[in-house]
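Reader: I would like to go through the charges, the loops and the backbone. Let us take one question at a time.

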Amino acid sequence: MTEKEKMISGQLYNSMDKELANEKIRARLLIRRINNTKEDNKEKRFRLLKKLIPDSGKNFNLVFPFFCDYGYNIIIGDDVFINFNCIILDIVNVSIGNRTLIGPNVQIYSATHPMDAKTRAAGLEFGKPITIGEDVWIGGSAVICPGITIGKRTVIGAGSVVTRDIPSDCFAAGNPCRVINSI
């Protein structure tokens with residue numbers, strides 16, 4: 001099994017692997033081109049963005065700058081809006097449902113590291129997939145931690161740190177994020 005196959009399946013993998021390093025460089029060069037494309041050249045930006053995130057739905061609206069690890073592990077539904085300065089660490093699947101709104105400075109981390117220092121020092125890491133349901137609104141500067149599922153129609157308050165799954169149809173906020181009430 002290659003290091004990439006291990007990474008995508010959520011197993012411990014060597015993050016310094018040559019194939020993965022080359023793919024990160026490819027993504028970062030593409031991101032630089034996207035972020036540096038002039039504001040009035042939307043067609044070019046979104047053509048490049050489709051190369052970075054091939055599995056993105058119709059009417060995907062992204063305000064730049066934007067950053068991610070690979071892009072190919074991001075799945076974006078239709079009519080999704082992502083505001084300024086979003087960071088998605090996508091070493092495993094990060095799925096964002098239809099009509100979801102993501103505020104500025106939101107950070108979505110599927111990447112994580114072993115608790116054991118020796119394993120971390122060996123350059124090994126792993127990921128846990130993230131699923132964000134349809135019609136979700138994530139407020140600005142929220143952090144979504146590895147392995148999280150956010151249910152449909154849920155609102156995550158600005159500045160929240162989501163460390164556990166959040167059900168559908170609720171408002172949740174805080175650090176750590178917790179359900180405040182049903183909506």
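Reader: Which is glutamate 3, buried or exposed?

Author: This is a predicted model: local features need pLDDT of at least 70, side-chain atom pairs count only at pLDDT 80 or more, and totals for chains, interfaces and linings use all residues. Residues are numbered from 1 along each chain as its sequence is written, and side-chain values use heavy atoms, with hydrogens and water left out. Buried means under 20% relative accessible area, exposed over 50%, and partly exposed in between (1.4 Å probe, protein chains only). Glutamate 3 has 18% relative accessibility, so it counts as buried.

Reader: Which residue forms a salt bridge with glutamate 3?

Author: A salt bridge is a side-chain nitrogen of Lys or Arg within 4 Å of a carboxyl oxygen of Asp or Glu. Here the closest N and O atoms are 3.0 Å apart. The two partners sit 3 residues apart in helix H1 (residues 3–8), so about one helical turn separates them. The partner is lysine 6.

Reader: How are helices and strands defined, and which helices does the pair of lysine 4 and glutamate 23 link?

Author: Helices (H or I, at least four residues) and strands (E, at least two) are DSSP runs, numbered from the N terminus. The side chains of lysine 4 and glutamate 23 meet in a salt bridge, 3.0 Å from N to O. These two residues are 19 residues apart and link distant parts of the chain: helix H1 and helix H2.

Reader: What is the relative accessible area of glutamate 23?

Author: Its partner, lysine 4, is partly exposed at 21%. Glutamate 23 is buried, with a relative accessible area of 16%.

Reader: How many residues apart in sequence are the parts tied together by aspartate 169 and arginine 153?

Author: The two form a salt bridge, with the closest N and O atoms 2.6 Å apart. Aspartate 169 lies in the loop between strand E17 (161–162) and strand E18 (170–174), and arginine 153 in the loop between strand E15 (149–150) and strand E16 (155–156), so the parts they tie together are apart in sequence by 16 residues.

Reader: What is the phi of arginine 153?

Author: In general, most residues other than glycine have a negative phi. Arginine 153 is not a glycine, yet its phi is positive. It is partly exposed at 39% relative accessibility. Its phi is about 60°.

Reader: Where is asparagine 105, which also has a positive phi?

Author: Asparagine 105 has a phi of about 65° although it is not a glycine. It is partly exposed, with a relative accessible area of 31%. Its place is in the loop between strand E8 (101–102) and strand E9 (107–109).

Reader: Which proline does a cis peptide bond join to phenylalanine 64?

Author: As a rule, most peptide bonds are trans. The bond after phenylalanine 64 is cis, with omega about 10°. The proline is found in the loop between strand E2 (61–62) and E3. It is proline 65.

Reader: What is omega for the peptide bond from asparagine 175 to proline 176?

Author: Proline 176 is in the loop between E18 and strand E19 (177–182). The bond leading to it from asparagine 175 is cis, with omega near 0°.

Reader: Which side chain of opposite charge is nearest to aspartate 69?

Author: Lys and Arg count as positive and Asp and Glu as negative; His and the chain ends are not counted. Aspartate 69 sits in the loop between strand E3 (66–68) and strand E4 (74–76). It is buried yet has no salt bridge. At 4.0 Å away, the nearest side chain of opposite charge is arginine 28.

Reader: Which helix gives the largest share of the positive patch?

Author: Patch residues have over 30% relative accessible area (Shrake-Rupley, 1.4 Å probe, only the protein chains shown as cover) and no salt bridge; like charges are joined within 9 Å, and nonpolar side chains (Val, Leu, Ile, Met, Phe, Trp, Tyr) within 5 Å. Each charge is placed at NZ of Lys, CZ of Arg, CG of Asp or CD of Glu. Arg26, Arg33, Lys44, Arg47 and Lys51 form the positive patch, with two or more residues each from helix H2 (18–36) and helix H3 (42–52). The largest share, 3 residues, comes from H3.
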